[in-house]
Amino acid sequence: MIGTDARDDLELVAAAAGGSEHAFRALYRRHVRPVFWLAHGLVGSTADAEDVTQETFVVAWRKLPGLDLAGESLLPWLVTICRYQCANRIRRQQRDRLHTSEAADDALPSTVDVERQVADAQLVERILAEVAAMSPLDQRIFRLCAAEGYAYQAAAAELGVSHGVVRNRLSRIRTRVRTAVDPEGS
């Protein structure tokens with residue numbers, strides 16, 4: 001069964017692939033926050049994360065016409081693009097540091113910390129897998145509150161449910177994701 005968000009993504013992707021900038025803006029608004037936070041975790045600076053996020057969506061815009069989501073959300077595909085853009089940025093920064101006579105900027109991330117990058121990417125994948133296994137309503141609550149920063153009342157109004165439903169379900173969702181990510185820490 002295709003979830004509501006995945007179905008919405010499929011419709012928006014089809015429209016954006018046909019050239020609809022409005023549909024692409026809707027996809028951007030829906031997925032920009034999780035893409036930014038992944039980029040920030042991988043490249044380590046807000047400015048670089050903003051650049052990588054924009055590069056991710058530029059690549060996505062170019063590749064949409066040939067994309068087949070097979071009933072899935074667009075976010076895992078965007079995460080993959082983002083990870084490649086982060087790796088490219090880090091390699092470019094290292095190359096630039098090697099070819100300049102100026103002192104290296106210690107704030108730049110090092111690809112020597114590949115274990116952290118892999119762990120961060122695996123964490124995102126575990127979270128996405130756990131969210132994908134939730135009911136469509138829980139997926140939408142997670143997206144609105146956790147990924148897009150909606151307050152309980154705003155999410156409730158958007159979803160047509162009560163404030164209490166959003167608050168209670170989000171609490172269970174957070175516990176479920178936390179348990180999936182760190183079973184021993186729960």
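Biologist: How many aromatic pairs does the structure hold?

Modeller: The structure, which is a predicted model, holds four aromatic pairs. Rings of Phe, Tyr and Trp (its six-membered ring) pair if their centres lie within 6.5 Å; planes under 30 degrees apart count as stacked, over 60 as edge-to-face and the rest as tilted. One of the pairs joins Phe-24 and Trp-61: the ring centres are 4.9 Å apart and the planes stand at 70°, so the pair is edge-to-face. Because Phe-24 lies in helix H2 and Trp-61 in helix H3, this pair ties together parts that are 37 residues apart in sequence. Phe-24, Tyr-28, Phe-57 and Trp-61 form one aromatic cluster.

Biologist: Before we continue, which conventions apply to the numbering and the values?

Modeller: Residues are numbered from 1 along each chain as its sequence is written, and side-chain values use heavy atoms, with hydrogens and water left out. As this is a predicted model, local features need pLDDT of at least 70 and side-chain atom pairs count only at pLDDT 80 or more, while totals for chains, interfaces and linings use all residues.

Biologist: What is the average pLDDT, and where is confidence lowest and highest?

Modeller: The general caution is that where pLDDT is low, the predicted coordinates should not be read in detail. pLDDT is the predictor's confidence in each residue, from 0 to 100. Here the average is 81, and 80% of the residues score at least 70. Confidence is lowest in helix H5 (residues 114–132), with a mean of 72, and highest in H3, at 92.

Biologist: How many helices and strands does the protein have?

Modeller: Helices (H or I, at least four residues) and strands (E, at least two) are DSSP runs, numbered from the N terminus. This protein has eight helices and zero strands.

Biologist: Which of the paired aromatic residues are buried, and which are exposed or partly exposed?

Modeller: Buried means under 20% relative accessible area, exposed over 50%, and partly exposed in between (1.4 Å probe, protein chains only). Phe-24 is buried at 14% relative accessibility, whereas Trp-61 is partly exposed at 33%. Another edge-to-face pair is formed by Phe-36 and Trp-37, with ring centres 4.9 Å apart and planes at 75°. Within that pair, Phe-36 is buried at 16%, while Trp-37 is exposed at 55%. Over the whole protein, buried residues make up 35% of the 186 residues.

Biologist: How many residues does the largest nonpolar core have, and which helices supply it?

Modeller: In soluble globular proteins, nonpolar side chains tend to be buried together. A nonpolar core is a set of buried Ala, Val, Leu, Ile, Met, Phe, Trp, Tyr and Cys residues joined through side-chain atoms within 4.5 Å. The largest one here has 28 residues, and Cys-82 and Cys-86 have the most contacts inside it. Helices H1 (4–17), H2 (21–43), H3 (46–63) and H4 (75–98) each supply at least two of its residues. The largest share, 11 residues, comes from H2.

Biologist: Which residues are in contact with Cys-82?

Modeller: Contact means heavy atoms within 4.5 Å. Leaving aside neighbours within four places in sequence, Cys-82 is in contact with Val-35, Leu-38, Ala-39, Val-52 and Thr-56.

Biologist: Is Arg-89 buried or exposed, and what does Arg-89 touch?

Modeller: Arg-89, found in helix H4, is buried, with a relative accessible area of 11%. Not counting residues up to four places away in sequence, Arg-89 touches Val-43, Asp-48, Asp-51, Val-52 and Glu-55.

Biologist: Which residues does the second core include?

Modeller: A second, separate core of 13 residues includes Ile-141, Ala-155, Leu-159 and Val-166. Leu-159 is found in helix H7 (residues 152–159) and counts as buried at 15% relative accessibility. Beyond its neighbours within four places in sequence, Leu-159 is in contact with Leu-137, Arg-140, Ile-141 and Leu-144. The C-alpha atoms of Leu-159 and Arg-140 are 8.0 Å apart, although 19 residues separate the two along the chain.

Biologist: Which residues of H7 are buried, and why do they line one face of the helix?

Modeller: An α-helix has 3.6 residues a turn, so residues three or four places apart point the same way. In H7, Ala-155, Ala-156 and Leu-159 are buried. Seen down the axis of H7, its buried residues fall within an arc of 100°, so they line one face of the helix; the arc is that of the directions from the helix axis to the C-beta atoms. Just after H7, Gly-160 takes a positive phi of about 75°.
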